[in-house]
Amino acid sequence: MEDLFWSDFLTIDGQIYNIKVKVGIKRSADFLDKYANRTDDGDLKRELIGVYFNYKNINFDRQKDSNYAEYDRLYNKLTEAEEFHNINIAGFQFRAYFSNVTDEMYLYKNDRPYFKNLTVNFTAKKPARS
């Protein structure tokens, strides 16, 4: 049976967060054009800017007593007001911005909330290929 989590799979701005990453990450190769137009005869004219590798559905292990502070540290990093971050995911390094950071509270005990299903998307700043 395959391991369903990776501990050192991801670094953000050179920092490792000891919250395991779940399997199910989606990688897309998005093609961005400077222009793409059809001529009257149906031929496509385009100028490709490049191919961007973006990552979606990056999902982390739930918050527990053993990782409570580390989970908060990761959540604070993913929601800080910075335009771009240095990402290393599965050995691929790139600059990206974060979007769609979400999680949900699943427990409240001892006067503190616990969250699960922390998810984020990474969108590349520059093309990986041009």
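**Entry 1: a pair of strands**

I began with strand β2 (residues 10-12) and strand β7 (residues 85-89), and I noted that they pair in the antiparallel sense over three bridges. Within this pairing I looked for the partner of isoleucine 12, and I found that isoleucine 12 stands opposite isoleucine 87 in β7. I remind myself here that this is a predicted model.

**Entry 2: confidence**

Before going further I looked up the confidence, and the chain averages a pLDDT of 94, with 96% of the residues scoring at least 70. Confidence in the chain is lowest in strand β1 (residues 5-6), where the mean is 72, and highest in β9, where it is 98. I keep in mind that predicted coordinates should not be read in detail where pLDDT is low.

**Entry 3: the sheet**

In what order do the strands of the open sheet run? I wrote down β3-β2-β7-β8-β9-β6-β5, an open sheet of seven strands with antiparallel pairing. The edge strands are β3 (15-16) and β5 (26-38), each of which pairs on one side only.

I then followed β5 to its partner, and I found that β5 and β6 pair in the antiparallel sense over 12 bridges, with lysine 26 standing opposite lysine 56 in β6. The hairpin of these two strands, β5 and β6, has five residues between the strands, and in this hairpin glycine 42 takes a positive phi near 90°. For β6 and β9 I recorded antiparallel pairing over three bridges, and here asparagine 59 stands opposite threonine 119 in β9.

**Entry 4: the helix**

Which strands does helix α1 lie across? I noted that helix α1 (residues 68-78) lies across β2, β3, β7, β8 and β9 (112-124), and that α1 runs at about 40° to β9.

**Entry 5: asparagine 67**

I next looked at asparagine 67, which lies in the loop between β6 (44-59) and α1. Is asparagine 67 buried or exposed? Its relative accessibility is 7%, and because buried means under 20%, asparagine 67 counts as buried. A polar atom of the side chain of asparagine 67 lies 2.6 Å from the backbone nitrogen of lysine 64. Not counting residues up to four places away in sequence, asparagine 67 touches Asn18, Ile19 and Arg62.

**Entry 6: phenylalanine 94**

My next stop was phenylalanine 94, which I placed in strand β8 (residues 92-109). Phenylalanine 94 has a relative accessibility of 10% and therefore counts as buried. I asked myself which residues phenylalanine 94 is in contact with, leaving aside its neighbours within four places in sequence. I listed Phe53, Tyr55, His85, Asn86, Ile87, Ile89, Phe122 and Ala124. Phenylalanine 94 and leucine 118 are 24 residues apart in sequence, and from C-alpha to C-alpha they are 21 Å apart in space.

**Entry 7: phenylalanine 115**

I closed with phenylalanine 115, which is found in strand β9. With a relative accessible area of 22%, phenylalanine 115 is partly exposed. Not counting residues up to four places away in sequence, phenylalanine 115 touches Arg62, Gln63, Tyr71, Asp103, Glu104, Met105 and Tyr106. I also looked up how phenylalanine 115 stands to isoleucine 89, and their C-alpha atoms, 26 residues apart along the chain, are separated by 23 Å.

How values were computed:
Residues numbered from 1 in each chain as written. Predicted model: local features only at pLDDT ≥ 70, side-chain atom pairs only at ≥ 80, totals over all residues. Heavy atoms only, no water. Helix = DSSP H or I, 4+ residues; strand = E, 2+ residues; numbered from the N terminus. Buried < 20%, exposed > 50% of the residue type's maximum accessible area, 1.4 Å probe, protein only. Contact = heavy atoms within 4.5 Å. Pairing = 2+ DSSP bridges. Axes fitted to C-alpha atoms, helices over the stretch in contact; angles between N-to-C directions. Polar contact = N/O pair within 3.5 Å; in protein donor to acceptor, adjacent residues only side chain to side chain. pLDDT = per-residue confidence, 0-100.
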